[in-house]
Amino acid sequence: MSAARTALVVAALTLREASRRRVLLAVAVLTTVLLALSGWGFSRLAAEAASGGITSGEARLAASQILNLVMFGFSLIAALGTAFLAGPTLSGETESGIALSVLARPVRRSAFLLGKWLGLVAFGSGFIVLAGLAQVLLVRATADYWPPHPATALALLAAQTVVLLTLTTLLATAVSPMASGVVAIGLFGATWVAGVVGGLGDALGNEGLARVGDVSRMLLPTDGLWRGAMNAFQDPSVFAQIGLSDVQAFPFLSAAPLTATYLAWSALWVAMVGGLAALSFARKDL
Amino acid sequence: MTAAVTGELLDALPEAPAVWCSGLRKRYGSRAAVEDVSFEVRRGEVVGLLGPNGAGKTTVIKSLLGLVHPDAGEVVLLGRPVTDPAARARVGYLPELFRYQPWLTAAEVLALHVRLAGVGAGAQEQRECLALVGLGDRAGDRVGTFSKGMQQRLGLAVALVARPELVVLDEPTSALDPLGRADVRDVVMALRARGVAVLLNSHLIGEVERVCDRVVILDRGRVAASGTLAELLGQREVRLELTGVSPAAQARMAVLGRVERSGDWFTLALPADDDGDAVPDLVRDLAALGARVHAVEPSRISLEERLLGILREGADARAGAAR
């Protein structure tokens, strides 16, 4: 069987697993709750602006920040969902023995792993793009705010999910399902915190602190991509209103768009970590 | 030489054995699990893999299927090196640890394996396969609702569904009731009748003795003995209780070979080429020579006794070497 066909069969199986194990349902319920809550919040914001409680500029600034905050919630759901799905579907299957009969078929392990990864990518990115799009449309309907680059922002959120689940895939080839999920989420959180610390360093002009963010964004590109997405969601007038250093210090605003170099690095990072995962899985004794 | 060219050359050779392995070695840390294991399973042959717990049977099986990477040694399946995934295209496998996707139905599990194997076994063939293992009426049920025995039956169907030329069964009856064991026996017999090679690892020695053409006995990761059942178990014997034995009757018995006497009981070793006539002919002749035949008991050393003997010899040899 060709490697591409194997990968597609396994990817379809992974998606079917996500659906049958009610992961899709759980994620859909969480997303609906988050959408409803944020819809109510944005409509309150619009009502405040209409009644003259806040200026329209302040309303746009608030809408822009809250949008980023809600998107962070979605990216967290996507991260948790894919991280805790990748563990059981990969290392869980090798631990329980489900993988034995599958890998005794004429399939290459790298093709099997690629299939699992593709299934998870489709699940994670599909979720973030659909939920994010629903949120952007909701904000437009309730608060009349339309982000400057919604497509770029959603693509970067999807890329962030891909980075995290590639890391989880590598971990799942080496450690237990539970450990792989916990370590991946831990690193994701730590990188975000390091990004916030780096932002404070930038705002305060402290090079040492700023470097913490830079280094962590290189080691695990989730936070860098997230900042790029935030930048594409937020209103450009925010800089005129609160100044660059304040933007840098605030965790739900981003000072600059992503560079092409950083995007290339992220792609290379995914290829390298994915290759490492394939190597680790191919050498594993089942 | 590329794998494709090697594959073509191997295809051109006369039909290769179903399994050929040579010099397999595998260590886990400082513990040697498999040491220099070599054997083969010819086409259409049923070979039993026997040995105590921890003898390395499952490690050998997993090495044959490319699931475990041996530290040394070569494996060729159906004429192709196991490092080429295509070697496993016509191999069915029931693992010792049988688990299937609990979120799929039994029919979906079979369909998945048919797709992965890349064979054209249609829906009807898949249904027949489930019916063969007694799951015909559970095809649409989720595997998660199956008992262990039913999951093992499903595993057998998975091993059989993709038109295999070699079937590897690792403890195929561990979760089955006596009826299920008889079913597995029938399946193995049917496979042999169709020319499908079977490698069977089982603790149930009686099962192995009934269905296997040859046996490979592993002990502490090494091949302690191997051969056909006749080779391993030696000659058959017959015990006779006789009175009124004349010298002529004694001479008649001596024609067959060595005779041991204990009171009225005579124990005779039967010739290796006996086709089943030796005992009835002897009894007829003894009666004609005036001997009174009270009892005739054919006996053979059982595989279990032989296995225990081989394992004890191994343990004694190790103890001797340690002294």
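So, in chain A, where is confidence lowest, and where is it highest? Keep in mind that this is a predicted model. The low point in chain A is helix α11, residues 244–249, with a mean of 69. The high point is helix α12 of chain A, residues 260–282, at 95. Chain A as a whole has a mean pLDDT of 87, and 98% of its residues reach 70 or more. And the usual caution: where pLDDT is low, don't read the predicted coordinates in detail.

Okay, on to where the chains meet. We've got 26 residues of chain B in contact with 22 residues of chain A. On the chain B side, the elements giving two or more residues are β6 (91–94), α3 (106–117) and α5 (148–161). The largest share there is 5 residues, and α3(B) supplies it. By type, that side of chain B splits into 17 nonpolar residues, 5 polar and 4 charged.

Now the sheet in chain B. There's an open one with 4 strands, ordered β2-β1-β4-β5, and the pairing is antiparallel. Why do β2 (31–41) and β5 (80–81) of chain B each have one side without a neighbour in the sheet? Because they stand at the edges, each with a single partner strand.

Let's look at one of those edges. Strand β4 of chain B, residues 72–77, is joined to β5(B) by 2 bridges, running antiparallel. Take B:Leu77: its bridge partner in β5(B) is B:Arg80.

Last bit: helix α2 of chain B, residues 57–64, packs on this sheet. Helix α2(B) touches β1 (19–28), β2 and β4 of chain B, and its direction makes about 120° with that of β1(B).

Terms used:
Residues numbered from 1 in each chain as written. Chains lettered and ligands numbered in written order. Predicted model: local features only at pLDDT ≥ 70, side-chain atom pairs only at ≥ 80, totals over all residues. Contact = placed C-beta atoms within 7 Å. Nonpolar A, V, L, I, M, F, W, Y, C, P; charged D, E, K, R; others polar. pLDDT = per-residue confidence, 0-100. Pairing = 2+ DSSP bridges. Axes fitted to C-alpha atoms, helices over the stretch in contact; angles between N-to-C directions.
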